[in-house]
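Me: I have a model to go through with you. I will ask how each label is earned. Keep the replies short.

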Amino acid sequence: GEGEDEVEEVDPTQGLDRCSRALFLYMKQQNRPLGATDITRGLKDLTRLQINKAIEKLVQEELLVSKENKIYWVSQQVFGEATEERSSKLNATVKRLESTFANCSARQAAIQQQTNRISSEPSDKELESDLQKYRKQVLECSGKIESVKENHSGVANQAESQHSSEELTLRIKYFRSQWKSRRLAVMDVLLDMKESMPPKTKLEKMCQDIGVELDKKK
């Protein structure tokens, strides 16, 4: 768990007054050489006098290291010994934090992508305007379709009428051809019969006697 990765550090602040404790925690956090002026800028809640007394106290307690030029830094002993176990725990903590950072970065990227997508989508007003425009286009297309249907129906009826007329003409021509062919055949038979009769026999009289009606050309 997360508690197993945490490194236990020495807490030497017990017994310190408020100002000394605040100064120690600040110096431990900074963990770098600082002058009194720099410390004063960092601890704005403390006066210069309070800071000087706290520095003197922490130096006496060997929690701060001091040089003659009045530069101070926190004693590295407060961080504990740099053992292999401690280093391993620190590495585990770093890996855990890196993993957490990577997950947060991925979530931030996903949220940013979703935000960009939402921002790029049209507003309700724009959608309503587009909807009205498309409805108008649909009505126009429907009218054109009906017009095409009507024209197609008229053309189809005209074509059908023309086809019927052509078919009727062909049938008339066919029957006329058949009539002519049969008339010629009948006339040939009648003429043959007339030749076998007396010379003065008329064709009309012969046809009347045998019950055949002749077509008269007009």
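Me: What makes domain 1 and domain 2 the divisions of this chain?
Reply: The model is predicted. An automatic or database domain assignment sets the bounds. Domain 1 covers 18-79 and domain 2 covers 173-217. Their C-alpha centres lie 149 Å apart.

Me: Why is Cys207 called buried?
Reply: The cut-off is under 20% relative accessible area. Cys207 has 1%, so the label applies. Cys19 has 12%, so Cys19 is buried too.

Me: How do you know how many disulfides there are?
Reply: Two cysteine sulfur atoms must lie within 2.5 Å. By that rule the count is zero.

Me: What puts Leu203, Met206 and Cys207 on the same side of α7?
Reply: These three residues of helix α7 (203-210) are buried. They span an arc of only 100° around the axis, so they share a side. Glu204, Gln208 and Asp209 are exposed on the other side. Just after α7, Gly211 has a positive phi of about 80°.

Me: What makes a set of residues a nonpolar core?
Reply: The members are buried nonpolar residues joined through side-chain atoms within 4.5 Å. The largest such core has 20 residues. Leu23, Met27, Ile39, Leu43, Leu58 and Val74 touch the most other members.

Me: Which elements give two or more residues to this core?
Reply: They are α2 (18-30), α4 (48-60) and β3 (71-74). The largest share, five residues, comes from α2. A second, separate core of five residues includes Leu190, Leu203, Met206 and Cys207.

Key:
Residues are numbered from 1 along each chain as its sequence is written. This is a predicted model: local features need pLDDT of at least 70, side-chain atom pairs count only at pLDDT 80 or more; totals for chains, interfaces and linings use all residues. Side-chain values use heavy atoms; hydrogens and water are left out. Buried means under 20% relative accessible area, exposed over 50%, partly exposed in between (1.4 Å probe, protein chains only). Helices (H or I, at least four residues) and strands (E, at least two) are DSSP runs, numbered from the N terminus. The arc is that of the directions from the helix axis to the C-beta atoms.
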